[in-house]
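Reader: Hi! I'm in my first year and still learning to read these pictures. Could you pick one part of this structure and walk me through it closely?

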Amino acid sequence: TIEWLLALPKRPAAVIINGDLALKDGRRGDYERFAKLIAPLQTAGLPLHLTMGNHDDRAVFYEVLKQSSSAVESKFVSMVELPGVNLFLLDSLKATMVTQGLLGEAQLEWLVKLLDAHADKPALLFAHHNPRLGGEPLHFPGGLEDSEPLWRAISTRKHVKAYIHGHIHHRDHFQHRGIHILNTPATSYVSNPTASTTGWTMAHLTDQGADFTTLTHAQDHAWNGRVEKAVWRA
């Protein structure tokens, strides 16, 4: 995936690895290996942004990758300002090896405050866990516990256009109350080989929406080259 990104004639404005940076339970060796894998992106100067998933250990991640975040206590969050859009990177890690995710009141307050202060551009939200609404009910039990409070906060803020997640190791596109919900496939782990595969997602943004293109390591997979067209709500 990284080789493909580095070979692009026009490099992306942001690269996001959306949680589960570690394989199982956030061991030091996982992050040391991860650091080596992403080094070419950093050497090339591509803007790289990370989030936390349920297989991560926040403290070990901080220590090995020399990262920190002070915006919300005990959460790794950030906001990325791009020319035509703002990205809000959320931390849905409730606890390492706990399937369910949780943002928490403090993070929701931080998000709402920033959204209100940056309402001039479309906002895209990124978190590892799927919401428990607007999608496939089979996966709701393992999703974001505070999905309803989150949606109450963002659905009335019309500049919020999409919520992009992983966690399910699949590929889907739903909407709930006008907000696009995009599930992106995993880059390295296949949970159901009969249906899914590994890959990555490219987002091409316009003023009116975005094209989300799935690219897979298996060239002959049905997902490879599939595009989800998202038109932003007014």
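Reader: I'd like to look at helix α5: what do its buried residues pack against?

Author: Let's see what sits around α5. Its buried residues pack against one helix, α4, and against the strands β5, β6, β7 and β8. Keep in mind that this is a predicted model. If you want to find these strands on screen, β6 covers residues 160–165, β7 covers 172–176 and β8 covers 179–183. The helix α5 itself takes in residues 147–155. Which of its residues are buried? They are S147, L150, W151, A153, I154 and S155.

Now zoom in on the helix partner. A general point helps here: to describe two packed helices, you give the angle between their axes and the distance between those axes. For α4 and α5 the angle is about 10°, and the axes are 11 Å apart. The cut-off for roughly parallel is under 35 degrees, so α4 counts as roughly parallel to α5. On the α4 side, the residues in this contact are L108, L111, V112 and L115. On the α5 side they meet P149, L150, A153 and I154. Sort the residues of this contact by type and you get 8 nonpolar, no polar and no charged. Notice that L150, A153 and I154 turn up again here: they are also on the list of buried residues of α5.

Next, follow the chain out of α4. That helix spans 105–117, and the loop between it and β5 (123–126) is where you'll find H118. Is H118 buried or exposed? Its relative accessibility is 18%, and the cut-off for buried is under 20%, so H118 counts as buried. If you skip its neighbours within four places in sequence, H118 is in contact with M79, E81, N86 and H159. You can also try P83: it is 35 residues from H118 along the chain, and their C-alpha atoms are separated by 13 Å.

Then move on to the strands in the packing list. Between β6 and β7 there is a loop, and H167 lies in it. Have a look at its backbone: phi is positive, about 75°, although H167 is not a glycine. H167 is also buried, with a relative accessible area of 15%. Another spot with this kind of backbone is D20, a residue other than glycine whose phi is near 55°, a positive value. You'll find D20 in the loop between β1 (15–18) and α2 (28–44). Its relative accessible area is 19%, so D20 is buried.

While you have the picture open, here's a sheet to trace. It's an open one of 3 strands, in the order β9-β10-β11, with antiparallel pairing. The strands β9 and β11 (227–231) stand at the edges with a single partner strand each, so one side of each has no neighbour in the sheet. On average, neighbouring strands here are turned by 20° against each other, ignoring direction. β9 (residues 199–205) pairs with β10 (residues 209–216) over 7 bridges, and a hairpin of 3 residues joins them. One place to check is T201, which stands opposite T214 in β10. The pairing of β10 with β11 runs over 5 bridges, and there G209 has V231 in β11 as its bridge partner.

Note on methods:
Residues are numbered from 1 along each chain as its sequence is written. This is a predicted model: local features need pLDDT of at least 70, side-chain atom pairs count only at pLDDT 80 or more; totals for chains, interfaces and linings use all residues. Side-chain values use heavy atoms; hydrogens and water are left out. Two strands pair if DSSP finds at least two bridges between them. Helices (H or I, at least four residues) and strands (E, at least two) are DSSP runs, numbered from the N terminus. Buried means under 20% relative accessible area, exposed over 50%, partly exposed in between (1.4 Å probe, protein chains only). Contact means heavy atoms within 4.5 Å. Axes are lines fitted to C-alpha atoms, for helices over the stretch in contact, and angles run from 0 to 180 degrees between N-to-C directions. Angles under 35 degrees count as roughly parallel, over 145 as roughly antiparallel, 65 to 115 as roughly perpendicular and the rest as oblique. Ala, Val, Leu, Ile, Met, Phe, Trp, Tyr, Cys and Pro count as nonpolar, Asp, Glu, Lys and Arg as charged, and the others, Gly among them, as polar.
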